Amino acid sequence: MHLHKIEEITILPGNNRNGDTENFNKITIKPGDTISVVGPTGSGKSALINDIEIFAKKDTNTKRTVLVNGDYPPEDFIRDPSKKPVALITQNTKCLADLSVENFLEMHVRSRKITDEKIIQETITLANEFTGEKIKPHVRMTSLSGGQTRSLMVADAIMISNAPIILLDEVENAGIFKEKVIECLKKHNKALIFVTHDPLVSLMSGRRIVMKNGAVEKILEPGEEEKEALSDIIQMDAALCSMRERIRAGEIIRSISLT
Ligand SMILES: Nc1ncnc2c1ncn2[C@@H]1O[C@H](COP(=O)(O)OP(=O)(O)OP(=O)(O)O)[C@@H](O)[C@H]1O
Ligand SMILES: [Mg+2]
């Protein structure tokens with residue numbers, strides 16, 4: 001198997017919380033796919049993301065199996081962080097390293113044996129496309145805001161980890177420009193699987209996995225059907241964003257414009 005080339009990953013069904021088998025044959029994910037995971041609190045969204053992250057082999061609560069190119073991935077693929085094809089960005093991304101942003105990225109670049117030092121600045125520049133508050137290279141990792149940290153982690157996953165599969169667990173509430181992130185990941189041909197309740201990002205994804213009681217309940221592929229709703233919601237979102245900016249800037253909001 002050519003490990004550096006991921007053609008697809010496959011999720012095979014496990015059980016819901018009562019031990020009943022999930023209602024699908026398999027879910028296949030290819031580079032460039034965007035898949036959102038939706039469902040109520042406690043329905044198993046994070047568990048699904050976790051199964052993908054660790055390439056579950058019926059060894060998790062859910063008893064799912066996750067294959068790479070139709071096969072079990074080898075151990076070092078999972079254990080060696082420099083070979084790991086999956087980057088997980090969670091709600092609680094905590095950077096414990098007491099390093100500057102620049103040094104943190106330098107360390108990562110070195111561990112990945114990348115020789116082009118320009119990549120550090122490029123990563124920061126990319127991260128700054130995802131967040132309103134610009135990240136400065138000399139600032140300590142521990143003093144970044146939540147939104148800045150997540151933006152940096154996404155940029156790092158794209159530029160330095162070069163992971164073909166990116167998993168995002170509810171980043172949208174955290175001061176990052178989610179549509180930009182999605183567009184950028186698509187452009188880089190990453191497979192993106194993300195937990196969300198945000199209407200805009202849900203509608204931007206190609207497929208929606210609906211979770212219930214610990215299991216995949218159904219997989220929606222609305223495509224054309226939701227096209228109009230998507231264009232409406234893009235407008236609404238733009239209006240909300242500009243309002244948010246005005247509120248941030250300390251303005252009084254007397255009307256909203258939906259144009
Ligand atoms: N199929 C399953 N069988 C047994 N336990 C499960 C299953 N799926 C999820 N769980 C467990 O149920 C709990 C809640 O699941 P999870 O954290 O994935 O929910 P969630 O949808 O991410 O919720 P939230 O929206 O609050 O983040 C976890 O402890 C998880 O391990
Ligand atoms: Mg969760």
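Reader: What share of the 259 residues of the chain count as buried?

Author: The share is 33%. The model is predicted. A residue passes as buried if 20 or more other C-beta atoms lie within 10 Å of its own.

Reader: What makes the chain as compact as a globular protein of that length?

Author: First, the contents: eight helices and nine strands. The radius of gyration is 19 Å, and the globule rule gives 18 Å for 259 residues. The two values are close, so the chain counts as compact for a globular protein of that length. Along the principal axes, the C-alpha atoms fill a box of roughly 55 × 45 × 30 Å.

Reader: Why is one side of strand S2 and of strand S4 left without a neighbour in the sheet?

Author: The open sheet has three strands in the order S2-S1-S4, paired antiparallel. S2 (27–29) and S4 (65–68) stand at the edges with a single partner strand each, so one side of each stays free of a neighbour in the sheet. From one strand to the next, the twist averages 20°.

Reader: How do you know that S1 and S2 pair?

Author: Pairing needs at least two bridges. S1 (residues 9–12) and S2 have three bridges, in the antiparallel sense. Therefore they meet the cut-off of at least two. Isoleucine 11 has isoleucine 27 in S2 as its bridge partner.

Reader: Which residues come nearest to ligand 1, and how does its shell divide?

Author: Of 16 residues around ligand 1, Gly44, Lys45, Ser46, Ala47 and Gly214 come nearest. The shell divides into 11 polar, three nonpolar and two charged residues. Helix H1 (residues 45–53) gives the largest share, three residues.

Note on methods. Residues are numbered from 1 along each chain as its sequence is written. Chains are lettered from A and ligands numbered from 1 in the order in which they are written. This is a predicted model: local features need pLDDT of at least 70, side-chain atom pairs count only at pLDDT 80 or more; totals for chains, interfaces and linings use all residues. A residue is near a molecule or strand if its C-beta atom, placed from the backbone, lies within 6 Å of it. Helices (H or I, at least four residues) and strands (E, at least two) are DSSP runs, numbered from the N terminus. Ala, Val, Leu, Ile, Met, Phe, Trp, Tyr, Cys and Pro count as nonpolar, Asp, Glu, Lys and Arg as charged, and the others, Gly among them, as polar. The radius of gyration is taken over C-alpha atoms; the globule rule is 2.2 Å times the number of residues to the power 0.38. A residue is buried if 20 or more other C-beta atoms lie within 10 Å of its own, exposed if 12 or fewer, and partly exposed in between; C-beta atoms are placed from the backbone. Axes are lines fitted to C-alpha atoms, for helices over the stretch in contact, and angles run from 0 to 180 degrees between N-to-C directions.
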